[in-house]
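I opened my notebook to go through one protein model, step by step. Here is what I looked up.

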Amino acid sequence: AFQTKYPKFADGIASNVRALRKLEKEAMNLKHVLSANKDGQFRVESLYEDTDFAHPISRATLEEWCTDLFAAFSQPIEDALRVAKTNLEAVDAVEMIGGGWRIPRMQQLLHEYLQSKRPDLPVLP
């Protein structure tokens, strides 16, 4: 969206460490917002050369952008089962940790992968 609105800044942002850090920080904030809400606002003040950027983003849009990541989510689980020399049927409980598990789509994918087992969600302060 930024490249469309401000095409002359796109290359400069890609090589500007400060701008990239601002983008990363706002992306993390937006991930938290979209975990609880269906819509959010991606907003960065003074992103590049005193230019502010704001763009609405829906959870559905974020999920569309992350399709490749979601497709590969089960690989770490399969690797852990292989290393433990066990299978999914032998697992009694699954505890989810880390910020990515707040994402409803990740919770849904894990629930589907586990079939009837229900993952334990962490208690967040």
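The entries below follow the order in which I looked things up.

**Entry 1: the overall layout**

I note first that this is a predicted model. I counted the elements and found seven helices and two strands. Starting at the N terminus, I read the order as α-α-α-β-β-α-α-α-α. The protein has 125 residues, and 28% of them count as buried. I also looked at contacts with a separation of 6 or more. Residues 24 or more positions apart account for 46% of those contacts.

**Entry 2: the cores**

Which residues make up the largest nonpolar core? I listed 12 of them: Cys-66, Phe-70, Phe-73, Leu-81, Leu-88, Val-91, Met-96, Ile-103, Met-106, Leu-109, Leu-110 and Leu-114. The element that gives the most to this core is α7, with four residues. I then found a second core, separate from that one, with 11 residues. Ile-13, Ala-19, Val-44 and Leu-47 are among them.

**Entry 3: helix α7**

I went on to α7 itself. Its buried residues are Met-106, Leu-109, Leu-110 and Leu-114. Where do they sit around the axis? They sit on the same side of α7, because they cover an arc of only 125° around the axis. I wrote down the general rule beside this. An α-helix has 3.6 residues a turn, so residues three or four places apart point the same way. Next I asked what the buried residues of α7 pack against. I found two partners, α5 (67–71) and α6. After α7 comes Gln-115, and its phi is positive, near 60°.

**Entry 4: Phe-73**

I picked Phe-73 from the largest core. Phe-73 lies in the loop between α5 and α6. Is Phe-73 buried or exposed? Its relative accessible area is 13%, under the 20% limit, so Phe-73 counts as buried. I left aside neighbours within four places in sequence and listed its contacts. They are Met-106, Leu-109, Leu-110 and Tyr-113. I also checked one distance. Phe-73 and Leu-110 are 37 residues apart along the chain, and their C-alpha atoms are separated by 8.4 Å.

**Entry 5: a pocket**

I turned to empty space. Rolling a probe the size of a water molecule over the atoms shows where such space is left. I chose the second largest pocket, with a volume of about 250 Å³. It is lined by 17 residues, and the closest to its centre are Pro-76, Ile-77, Ala-80, Val-94 and Leu-110. Two elements give two or more residues to the lining: α6 (75–83) and α7 (104–114). Which of the elements gives the most? It is α6, with four residues. I sorted the lining of this pocket by residue type and got 15 nonpolar, one polar and one charged.

**Entry 6: two residues of α3**

I looked up Leu-30 in helix α3 (residues 17–36). Its relative accessibility is 6%, so Leu-30 counts as buried. Not counting residues up to four places away in sequence, Leu-30 touches Gly-40, Gln-41, Phe-42 and Ile-57. How far apart are Leu-30 and Arg-43 in space? I read 9.0 Å, C-alpha to C-alpha, for two residues that are 13 apart in sequence.

Ser-35 also has its place in helix α3. At 17% relative accessibility, Ser-35 counts as buried. With residues up to four places away in sequence left out, Ser-35 touches Arg-59, Arg-102, Ile-103 and Pro-104. I recognised Ile-103 from the list for the largest nonpolar core.

**Entry 7: positive phi values**

I ended with two backbone angles. Ser-46 is a residue other than glycine, and its phi is positive, near 50°. I placed Ser-46 in strand β1 (residues 39–48). Its relative accessibility is 31%, so Ser-46 counts as partly exposed.

Lys-85 is not a glycine either, and its phi is positive at about 55°. Where is Lys-85 found? I found Lys-85 in the loop between α6 and α7. At 78% relative accessibility, Lys-85 counts as exposed.

Note on methods
Residues are numbered from 1 along each chain as its sequence is written. This is a predicted model: local features need pLDDT of at least 70, side-chain atom pairs count only at pLDDT 80 or more; totals for chains, interfaces and linings use all residues. Side-chain values use heavy atoms; hydrogens and water are left out. On a 1 Å grid over the protein atoms alone, a cavity is a set of points where a 1.4 Å probe fits but cannot get out, and a pocket is an open set with protein on both sides within 12 Å along at least five of seven lines; lining residues have an atom within 4 Å of a point. Grid points are joined across faces, edges and corners, and a volume is the space filled by probe spheres set on the points. Ala, Val, Leu, Ile, Met, Phe, Trp, Tyr, Cys and Pro count as nonpolar, Asp, Glu, Lys and Arg as charged, and the others, Gly among them, as polar. Buried means under 20% relative accessible area, exposed over 50%, partly exposed in between (1.4 Å probe, protein chains only). The arc is that of the directions from the helix axis to the C-beta atoms. Contact means heavy atoms within 4.5 Å. A nonpolar core is a set of buried Ala, Val, Leu, Ile, Met, Phe, Trp, Tyr and Cys residues joined through side-chain atoms within 4.5 Å.
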